[in-house]
Structure formats: C-alpha cells, structure tokens
Amino acid sequence: MSETISNVTVTITVNGRQRDVTCEPRKLLSDVIREELVLTGTHVGCEHGACGACTVLVDGAAVRSCLLFAAQMDGAEITTVEGIANPDGSLSDVQEAMRDNHGLQCGFCTPGFVITLTAFLRDHTDPTDDEIREAISGNLCRCTGYHGIVNAARQVCGRANGGES
Amino acid sequence: MKPSKFHYHAPATIGDAVGLLGAHADEAKVLAGGQSLVPMMSLRLATFGHLVDLNKVDGLAGIERSNGHVRIGALTRQATAEHDTTVASDVPMMAKALPHIGHFQIRNRGTVGGSIAHADPASELPAVALALDATLEAAGPGGERQIAAADFFEGTWQTALAEDEILTAVRFPVWGAASGFAVEEVARRHGDFAICGAVCGVELDGDAIVRAAIGLFGVGPTPVRSTLAEQALIAGGAGSDLADIARQAADPLDPSDDIHASGAYRKQIAAVVVRRALTKAIEEARS
Ligand SMILES: Cc1cc2nc3c(=O)[nH]c(=O)nc-3n(C[C@H](O)[C@H](O)[C@H](O)COP(=O)(O)OP(=O)(O)OC[C@H]3O[C@@H](n4cnc5c(N)ncnc54)[C@H](O)[C@@H]3O)c2cc1C
Ligand code: FES
Ligand code: FES
C-alpha cells in the first residue's frame with residue numbers, strides 16, 4: 001500500500017490537561033500515550049489484549065489502551081497512572097496499599113493493576129476476595145504471585161490486610 | 001506488532017456507515033469494540049484499507065423491551081448489558097453468559113453485536129442467540145432485513161451478513177416466569193475463551209417442560225443447538241435422566257483437535273457441561 005494516508009487530529013483530555021494529538025490512524029492509544037504524550041507509566045506487554053499492562057481509564061472505564069486507536073478518542077477523557085495520585089502529589093489509597101502490601105516487585109505490571117483496582121474499588125466498596133481475584137484476573141503479574149495485590153485491595157476496603165496465604 | 005495502514009472513517013449514521021462499506025467494497029471493515037479486531041490487526045492476521053468505526057453512529061446502542069422481546073442495540077457494551085436490569089430479568093441467559101467473556105476491561109469496550117458478528121466458535125453470545133431463537137437485525141444498501149439466528153452462523157468467523165451490511169440489533173424473546181437458565185463452561189484459566197461450554201434454558205408447567213433450549217459452543221465451527229436433546233427433555237419432563245439427555249446432546253458432535261484440547265475430550269466435556277447447566281436451569285425454574 002503505497003497510497004498516502006492522511007493523519008488524524010484528536011483533542012483529548014489526559015490527566016486533566018487538554019491535548020491535541022496528530023497521528024496516523026493506525027496508531028494505538030497506548031503508543032500515543034507513551035510516544036506522543038511521553039507518559040511512559042502506561043506499559044505495553046503483549047499488545048493484543050492479553051496482559052492488562054496498558055490499562056487506562058477512558059471516560060472513567062478501565063480499558064486496554066492497546067486495543068484502541070487514538071483516532072477514536074476525540075473528546076475522550078483519559079486517566080493514566082500518572083493521573084492517579086492525589087492532587088497534592090501524595091499516593092492514592094490504591095497506590096499506598098500496593099506499597100504497604102508488597103503488591104509489586106519489578107513494577108512492570110503495576111500501572112495496569114493500579115488502574116484496574118482504582119476503577120474496580122470505585123464501583124465495589126465491599127468486594128469479597130473472590131470478586132477481587134476476578135477483577136484482577138485480566139492483569140498478569142510475573143513476580144508477586146498476586147497475594148500482595150489482593151491484600152492491597154482488601155486494605156483499600158478497610159479490611160485487615162494479610163490473613164491470606 | 002502494529003497494525004498496517006488504513007483510512008479511518010467515523011460515520012454518524014447507519015446510512016453513512018453502509019455507504020462507506022459499499023464504496024470501499026472488500027477493502028473495508030467495521031470496527032465496534034475492537035476487542036477481537038484490533039488484536040487480529042496488530043498480529044497482522046488481518047489487514048484492511050478502510051476501517052469504518054461504528055462508535056460514533058447514532059442509535060446503535062441501547063436496551064429496550066417491547067412486545068415480548070428485548071432488543072439490544074449492536075453497539076451496546078457487553079458491560080452495560082451485563083449490569084442492565086431488563087436483561088437480568090427478561091433475558092437471564094444473556095446476563096449469565098456475559099461475565100464469562102474475557103475480563104471486565106474487555107467487556108467495558110466489547111459490544112454485544114460485535115461478539116455475535118465476529119462469530120468465534122468458542123464465544124458465548126452466539127450460542128445464546130442460537131439457543132434463544134434470537135432475531136438479528138441488519139442494515140445494508142437495500143435497507144433493513146431480519147435474520148433468524150438459526151440462519152446466521154455459517155462457519156468460523158463467518159456469518160450471513162454481507163460485506164456491506166451492519167448488524168444493528170439483536171432481539172431476544174422473553175420466556176415465561178417459571179423459567180430457569182444456566183451457563184456452564186470449561187476454560188483453562190478464568191477469562192480465557194472456553195474449551196467447551198453450554199447454555200441451557202427450561203420453562204416449566206408443574207413438572208412438565210414446555211420449552212427447552214440447549215446450545216453448545218467450542219464444539220465445532222459454529223455454535224450448535226441440540227434440538228433432539230431438547231425434544232427428549234420436553235418428552236421426559238423435569239424428572240428426566242439429565243445425564244442421558246446430555247449424552248444425546250453430545251453424541252452427534254464431532255469436534256476437531258486443536259492445541260487446547262482433543263476433539264474426544266471436547267465431546268466428553270460437552271456432555272458434562274450440558275448436564276450441569278440443565279440441572280441448574282431446572283433448579284432455578286422450580287424456585
Ligand atoms: C483477553 C481477551 C479475552 C476474551 N475472551 C473472550 C471470551 O471468553 N469469550 C468471548 O466471546 N469473547 C472473548 N473476547 C472477545 C470479545 O468478546 C470481543 O469483544 C468480541 O468478540 C468482539 O466484539 P467487539 O465489539 O470488540 O468487536 P470488534 O473487535 O470491533 O469486531 C469483531 C468483528 O466483528 C465485526 N463487527 C463488529 N460489530 C459489527 C456490526 N455491528 N456489524 C457487522 N460487523 C460487525 C467486525 O468487523 C470484526 O470483524 C476476548 C477478547 C480479549 C482481548
Ligand atoms: S499490552 Fe495491552 S493488554 Fe497487554
Ligand atoms: S511486579 Fe513484576 S510483573 Fe508484576
């Protein structure tokens with residue numbers, strides 16, 4: 001295909017700031033976030049929807065940014081992991097709990113888990129352990145064995161952490 | 001990997017979308033939730049010169065009940081249908097099938113119509129549409145037409161939709177109050193596509209079964225409806241030997257081997273999931 005394809009320009013609000021992005025239609029949202037907006041907290045693992053590392057909030061909903069084209073995002077409000085901390089820069093409850101419970105080791109998967117848990121715990125204030133496990137089932141972590149992450153979620157809901165083996 | 005180049009179109013009306021598909025003939029592809037299409041494009045299993053994005057088309061999403069049917073717009077997100085009270089009360093089989101699709105982040109974006117139009121053999125929703133005798137509404141250059149689910153699924157990723165047609169909605173008949181439904185599947189990991197699964201429904205009148213639906217997925221190129229087993233169940237009533245009914249559902253199947261499971265294993269699992277689903281459906285119908 002030697003035919004030229006015109007770029008698209010979209011206006012998106014990223015972590016509260018309005019940005020204009022001009023890119024090829026085929027450019028994935030994950031790549032625009034990392035390369036054009038230079039928000040490299042959003043990680044890219046598999047690029048086909050399997051690992052959850054690229055999870056961001058689009059209009060409040062947790063979605064895979066590697067399965068969206070930036071061209072589709074005109075008018076959207078996007079939150080990446082860089083936009084999760086409190087306005088004063090202190091860690092959010094989810095971030096704090098991940099740290100307290102050793103919910104991360106190498107940290108590659110962590111931005112995806114933080115976004116997933118932020119959305120899930122916003123919508124479910126008192127989930128069971130099974131519901132927490134189901135919620136994180138779409139995010140892969142090769143280091144932690146998940147227990148620390150489940151315990152982090154429990155802490156956010158005001159339940160005692162630990163107690164799980 | 002990255003998708004190859006394409007022209008991006010975001011039409012605002014169904015007419016414009018159909019027009020774009022017609023204008024670019026076999027070079028164009030519809031984009032809905034993108035949860036199946038984008039991975040295929042990124043892996044370069046598929047390339048298209050033109051993508052016609054339905055996400056900005058007016059009137060393609062929404063759930064409404066009328067005349068004994070629930071109509072779900074094709075672009076309705078799977079997550080929206082999953083949490084909808086009308087779907088929960090009037091098409092419980094659908095409500096029970098939806099949580100089996102991937103993970104909540106996939107369902108936030110994936111659409112009801114996209115899953116049915118994609119027609120993956122291991123998908124839940126095509127089996128639900130087939131088992132419940134859903135009607136599929138399509139729009140094309142010649143206007144609108146309705147397709148019975150029994151005529152819709154033609155093969156792996158192949159449906160009765162023409163290249164310039166768009167699935168606009170799916171209509172499900174509402175069953176009576178004394179009904180029960182269940183979805184049972186076996187998957188390697190939570191959220192994975194199922195190796196094999198069953199969707200079952202029964203409507204009771206006392207101990208008599210007046211209506212039965214047995215659908216299977218993951219057992220061949222299309223979902224399968226077990227009409228003979230349904231008839232046997234209706235003849236035998238709620239006290240039927242369900243293991244025997246389930247064997248009748250599995251017997252005619254001839255699933256092929258793949259990297260996930262052998263055909264023989266799938267066939268064995270088919271009988272197990274049908275028995276489990278029928279047991280639960282009858283229990284629910286009685287309660
Ligand atoms: C990690 C992961 C796990 C998954 N697990 C499951 C699972 O367990 N079960 C399951 O069923 N699915 C699963 N899926 C797929 C998911 O359900 C998709 O949402 C669905 O198959 C396709 O819907 P979509 O709206 O995303 O469609 P798209 O990906 O946008 O489109 C899929 C195909 O359908 C066509 N199409 C879409 N909408 C229309 C329309 N209205 N008219 C005509 N053609 C149309 C497109 O042209 C394309 O060919 C999974 C996906 C991922 C990434
Ligand atoms: S990079 Fe998007 S899901 Fe793996
Ligand atoms: S902390 Fe290393 S992959 Fe999760």
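This briefing covers a ligand site, two helices and the cysteines of a predicted model. Ligand 1 lies between chains A and B. The protein covers 94% of the 970 Å² of accessible area that ligand 1 has on its own. In chain B, helix α8 is mostly covered, and R107(B) in helix α6 is buried. The disulfide count over all chains is 0.

**The shell around ligand 1**

- The shell holds 32 residues.
- The closest are V30(B), G34(B), L37(B), T111(B) and S123(B).
- By type, the shell divides into 14 nonpolar, 15 polar and 3 charged residues.
- Three elements of chain B give two or more residues each: β2 (28-31), α7 (112-118) and β10 (166-173).
- The largest share comes from α7(B), with 4 residues.

**Polar contacts of ligand 1**

- S123(B) places a polar side-chain atom 2.7 Å from an oxygen atom of the ligand. S123(B) is also listed among the closest residues.
- For S36(B), a polar side-chain atom lies 2.8 Å from an oxygen atom of ligand 1.
- Q78(B) has a side-chain N or O atom 3.3 Å from an oxygen atom of ligand 1.

**Helix α8 of chain B**

- Helix α8 spans residues 124-131, and 8 of its 8 residues are buried.
- The buried residues are E124(B), L125(B), P126(B), A127(B), V128(B), A129(B), L130(B) and A131(B).
- Just after the helix, D133(B) takes a positive phi of about 55 degrees.

**R107(B) in helix α6**

- R107(B) is found in helix α6 of chain B, which runs over residues 104-107.
- R107(B) has a relative accessible area of 5%, so it counts as buried, under the 20% cut-off.
- Beyond residues up to four places away in sequence, R107(B) touches R77(B), Q78(B), A79(B), E82(B), L98(B), P99(B), I101(B) and G102(B).
- One of these partners, Q78(B), also has the 3.3 Å approach to an oxygen atom of ligand 1.

**Cysteines**

- A disulfide is a covalent bond between the sulfur atoms of two cysteines.
- The count of disulfides here comes to 0 over all chains.
- C66(A) is buried because its relative accessibility is 1%, and the cut-off for buried is under 20%.
- C109(A) also counts as buried, at 8% relative accessibility.

Note on methods:
Residues are numbered from 1 along each chain as its sequence is written. Chains are lettered from A and ligands numbered from 1 in the order in which they are written. This is a predicted model: local features need pLDDT of at least 70, side-chain atom pairs count only at pLDDT 80 or more; totals for chains, interfaces and linings use all residues. Side-chain values use heavy atoms; hydrogens and water are left out. A residue is near a molecule or strand if one of its heavy atoms lies within 4 Å of it. A polar contact is a pair of N or O atoms within 3.5 Å; within protein, one must be able to donate a hydrogen and the other to accept it, and residues adjacent in sequence count only if both atoms are side-chain atoms. Accessible areas come from the Shrake-Rupley method with a 1.4 Å probe; for residues, only the protein chains shown count as cover. Ala, Val, Leu, Ile, Met, Phe, Trp, Tyr, Cys and Pro count as nonpolar, Asp, Glu, Lys and Arg as charged, and the others, Gly among them, as polar. Buried means under 20% relative accessible area, exposed over 50%, partly exposed in between (1.4 Å probe, protein chains only). Contact means heavy atoms within 4.5 Å. A disulfide is a pair of cysteine sulfur atoms within 2.5 Å.
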